[in-house]
Amino acid sequence: MTDTLSTQRRFTADDVVAVGAEILRANGVPQNDARLVAESLVTADLWGHPSHGMLRLPWYVARLKSGAMQAVTDPRVVSSFAAVSVLDGRDGIGQVVTHRAVSMAADAAAGHGVGVVAVRNSNHFGTAAYWTRMLAERDCVGILTTNGSPAMAPWGGVEKLVGANPWSIAVPGGDQGAIVLDIANIGVARGKVYAARERGQQLPQGWAIDATGLPTTDPQAAIDGLLLPMAGHKGYAISFMMDVLSGVLTGSSFGTDVVGPYVPDKRSGCGHLVIAINIDAIMPPALFAERMAELIDSVKHSRPAPGQEILVPGELENRAVATAAGSVSLPAKTIADLDALATESGVPTLSGDA
């Protein structure tokens with residue numbers, strides 16, 4: 001495969017958001033929702049995670065066109081009991097559904113100390129950290145789980161039955177910025193395999209096996225085969241439990257019934273669980289900030305391995321945004337796909353052509 005990194009181009013993030021939002025609007029998505037989706041994808045690109053960035057927009061548009069995902073998102077509260085609510089996304093856009101759920105959880109946490117929202121019948125919501133960071137900004141501990149289509153086999157098996165089922169935890173980090181964990185339970189997020197295919201790159205050894213069970217470095221063979229769990233049996237077990245929280249508990253689909261965002265014409269059925277813990281219900285936020293600063297300082301100033309720097313979770317993304325200074329780099333394939341979508345939708349392309 002040819003390395004296409006040299007064909008990347010930089011754009012202002014605002015321009016990419018505007019084009020993405022206009023494409024979505026042309027496909028029936030209301031203006032505010034369209035901008036939310038575009039901003040969430042571009043933010044992933046700014047963080048250095050193109051696997052969850054604008055390369056996914058063509059997938060979303062295909063699902064909108066087929067009707068598998070509804071352009072006008074109209075979630076409904078199914079039930080509420082004190083701090084716990086169940087939200088039916090009714091096959092709406094995952095980002096819009098999740099934004100509603102995060103707001104509900106934060107509001108409940110303000111009144112009850114904790115807020116829990118179980119989401120069913122949603123769609124892919126982009127990167128989980130985008131949403132848990134919102135909760136951290138509201139002085140909450142933010143926890144978010146989701147399930148996805150099968151990507152790996154159960155430990156000891158060979159059938160693709162278990163999703164990557166990512167999850168995220170975020171807390172306020174003071175001057176450091178939000179401290180954020182956002183991981184899938186496979187050795188690498190499936191989106192990174194698609195991103196490698198987009199760039200024409202080989203995968204590192206140990207990420208995947210092909211459909212025959214042999215190790216592979218070819219992205220397409222990995223997509224057709226199996227991704228390997230992180231930490232062996234531990235990654236499988238965590239992923240299994242995330243499916244319990246996101247699918248079984250919420251009343252949404254689970255296991256092999258969940259469909260990924262790259263499938264254009266089948267409803268997703270994915271579920272999420274949002275948990276917001278109000279820090280002020282446990283201790284004054286200022287005291288929490290002091291204790292976090294002490295923990296961060298002790299880790300950051302510990303002795304590093306030769307040639308290494310010690311980072312805290314979320315620090316790379318915080319730095320990436322600062323370094324990007326409002327611009328985002330996209331590979332040639334993503335640019336071509338976005339330009340084609342823009343032309344098809346009758347809106348200006350990234351290069352400004354009608």
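**Exercise 1. Find how much area is buried between domain 1 and domain 2, and which residues of domain 1 give up the most.**

*Solution.* Start with the total: about 1,700 Å² is buried between domain 1 and domain 2, and carbon and sulfur atoms supply 65% of that area. Keep in mind that this is a predicted model. Next, look at the side of domain 1. Leu-36, Trp-47 and Arg-63 lose the most area to domain 2, and together they make up 37% of what that side buries.

**Exercise 2. Locate the two domains in the chain and work out how many residues each brings to the contact.**

*Solution.* Begin with the domain assignment. Domain 1 covers 7-66 + 326-353, domain 2 covers 72-185 + 231-314, and domain 3 covers 188-227. Then turn to the contact, to which domain 1 brings 20 residues and domain 2 brings 24 residues. As a last step, check the spacing: the C-alpha centres of domain 1 and domain 2 lie 24 Å apart.

**Exercise 3. Describe the polar side of this interface, then the elements and residue classes that domain 1 offers to domain 2.**

*Solution.* First, search for salt bridges across the interface of domain 1 and domain 2; the rule finds zero. Second, count polar contacts: eight residue pairs join domain 1 and domain 2 in this way, with both residues at pLDDT 80 or more. Third, ask which elements give two or more residues to the side of domain 1 that touches domain 2; they are helix H2 (31-46) and helix H3 (57-66). H2 gives the most, with eight residues. Finally, sort that side of domain 1 by class: eleven residues are nonpolar, five are polar and four are charged.

**Exercise 4. Explain what the salt bridge between Glu-315 and Lys-300 ties together.**

*Solution.* Take the whole protein first, where the count comes to eleven salt bridges. In one of them, the side chains of Glu-315 and Lys-300 meet at 2.7 Å, N to O. Now place the partners: Glu-315 sits in helix H10 (residues 315-324) and Lys-300 in helix H9 (residues 285-300), so the pair links parts that are 15 residues apart in sequence.

**Exercise 5. Decide how compact the protein is for its length.**

*Solution.* Begin with the inventory: the protein has eleven helices and 14 strands. The radius of gyration is 20 Å, close to the 20 Å that the globule rule gives for 354 residues, so the protein is as compact as a globular protein of that length. To finish the picture, note that the C-alpha trace spans about 55 × 50 × 45 Å along its principal axes.

Note on methods:
Residues numbered from 1 in each chain as written. Predicted model: local features only at pLDDT ≥ 70, side-chain atom pairs only at ≥ 80, totals over all residues. Heavy atoms only, no water. Domains from an automatic or database assignment. Contact = heavy atoms within 4.5 Å. Buried area = accessible area lost by both parts, 1.4 Å probe. Salt bridge = Lys/Arg side-chain N within 4 Å of Asp/Glu carboxyl O. Polar contact = N/O pair within 3.5 Å; in protein donor to acceptor, adjacent residues only side chain to side chain. Helix = DSSP H or I, 4+ residues; strand = E, 2+ residues; numbered from the N terminus. Nonpolar A, V, L, I, M, F, W, Y, C, P; charged D, E, K, R; others polar. Rg over C-alpha atoms; globule rule 2.2 N^0.38 Å.
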